[in-house]
Amino acid sequence: SAFWILLFLICALLMRNLLITAYIEFDLETSHSDQFAIYWAGNGQAYNESRVARAHLTPHRKQYVLPLGDLKKMSTLRIDPTVSQSSVRISRIRIHQFGYETYHLSPEQAAQQFTLRNQVLKVNPTRSGLEIFSSGTDPQLEWNVSKLQKLKLQTPYESIIIRSILLFTLFVFVFKWTRQFDKEYNVV
C-alpha cells in the first residue's frame, strides 16, 4: 500500500507541476546559430539564473516552445533575443497556462509593450514580424506581464485532484494489466 500511496503522490506532483507552468511559444528567424533566453521575476524580485528558460536558435528552425514559471507569481519578463551583435525577427508570441486565457501578442503590440533595456539598437515592427537589432552581446527587452494575471479563469488546484486520480487510475490499470501477462508466463 505504501507503493500505491507513493505512486499517487508522484502523480499529484506531476499534475501540479504541469498545471502551474506557463508556456511561451514564439516563431523566431535568425541567420546564424544563437542563444535565446527569457528570465521572469515577481514584484520586487531581481532576474536570476534560477528563473530562466533558454533555447538554442538555428537558421533551420523557426518555432520554439519554452516553459516558464507560474503566471500568478510573475510581473515581468526579460527577453534576451540573442547573444551576439545581430538581428532577429519574432513573428508570433503566444503565452498559455492552464486556468488562464491564451495571450497572443502581435508584432505591433510587442513593439508597444516591450521596454528597451540594454544594448538594443532598435525594434522595428513589420508585416512579417518584430525585428530586433542589437548593438552588443547582451540585448535585453522587458515586458510587463502582470496584467495577464487578471485573465485568470479558474484555480488549477481544483482539477489537480481529478487529473491525479485519472493518471493514478491509468497507472494502476497498466500495472495490473501487465501483471496479468506476468502470471501467465511464470511456468516458462
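**Salt bridges, aromatic pairs and surface of the predicted model**

Glutamate 131 has a relative accessibility of 16% and therefore counts as buried, the cut-off being under 20%. The model is predicted. Glutamate 131 forms a salt bridge with arginine 89, with the closest N and O atoms 3.0 Å apart. The two residues belong to distant parts of the chain. Arginine 89 is in strand β6, glutamate 131 is in strand β10 (residues 129–134), and the separation is 42 residues. Arginine 89 is partly exposed, at 25% relative accessibility.

The protein contains 3 helices and 11 strands. Along the sequence, the pattern reads α-β-β-β-β-β-β-β-α-β-β-β-β-α. There are 188 residues, of which 39% count as buried. Among contacts between residues at least 6 apart in sequence, 70% join residues at least 24 apart.

The whole structure holds 8 salt bridges. One of them joins arginine 92 to aspartate 27, with 3.2 Å between the closest N and O atoms. Arginine 92 lies in strand β6 (residues 87–96) and aspartate 27 in strand β1, so this pair ties together parts 65 residues apart in sequence. The partners differ in burial class: arginine 92 is partly exposed, with a relative accessible area of 27%, whereas aspartate 27 is buried at 14%. Beyond its neighbours within four places in sequence, aspartate 27 contacts Lys62, Gln63, Arg89, Ile90, Ser91 and Arg92. Arg89 in that list is the residue that bridges to glutamate 131. Aspartate 27 and arginine 92 are also part of a salt-bridge network, which links Glu25, Asp27, Arg92 and Arg94.

A further salt bridge is formed by the side chains of arginine 78 and aspartate 80, at 2.8 Å from N to O. Both of these residues are buried. Arginine 78 has a second partner of another kind. Its charged end sits over the ring of tyrosine 39, 4.1 Å from the ring centre. A similar arrangement involves lysine 122. The charged end of lysine 122 sits over the ring of phenylalanine 133, with 5.2 Å to the ring centre.

Aromatic pairs number 4. In one of them, phenylalanine 26 and tyrosine 64 are stacked. Their centres are 5.5 Å apart and their planes meet at 20 degrees. Phenylalanine 26 lies in strand β1 (residues 23–29) and tyrosine 64 in strand β4 (residues 63–67), so the pair ties together parts 38 residues apart in sequence. Phenylalanine 26 and tyrosine 64 are both buried. With Phe36, they form one aromatic cluster. Strand β1 thus holds phenylalanine 26 of this stacked pair as well as aspartate 27 of the bridge to arginine 92.

The protein exposes about 11,000 Å². Carbon and sulfur atoms supply 57% of this area. A nonpolar surface patch of about 420 Å² is made by Leu170, Phe173, Val174 and Trp177. Valine 174 is located in helix α3 (residues 157–184). This valine is partly exposed, with a relative accessible area of 40%. Valine 174 therefore passes the accessibility requirement for a patch residue, which is over 30%.

Technical notes: Residues are numbered from 1 along each chain as its sequence is written. This is a predicted model: local features need pLDDT of at least 70, side-chain atom pairs count only at pLDDT 80 or more; totals for chains, interfaces and linings use all residues. Side-chain values use heavy atoms; hydrogens and water are left out. Rings of Phe, Tyr and Trp (its six-membered ring) pair if their centres lie within 6.5 Å; planes under 30 degrees apart count as stacked, over 60 as edge-to-face and the rest as tilted. Helices (H or I, at least four residues) and strands (E, at least two) are DSSP runs, numbered from the N terminus. Buried means under 20% relative accessible area, exposed over 50%, partly exposed in between (1.4 Å probe, protein chains only). A charge sits over a ring if NZ of Lys or CZ of Arg is within 6 Å of the ring centre and within 35 degrees of the ring normal. Contact means heavy atoms within 4.5 Å. Accessible areas come from the Shrake-Rupley method with a 1.4 Å probe; for residues, only the protein chains shown count as cover. Patches are made of residues with over 30% relative accessible area and no salt bridge: like charges are joined within 9 Å, nonpolar side chains (Val, Leu, Ile, Met, Phe, Trp, Tyr) within 5 Å. A salt bridge is a side-chain nitrogen of Lys or Arg within 4 Å of a carboxyl oxygen of Asp or Glu.
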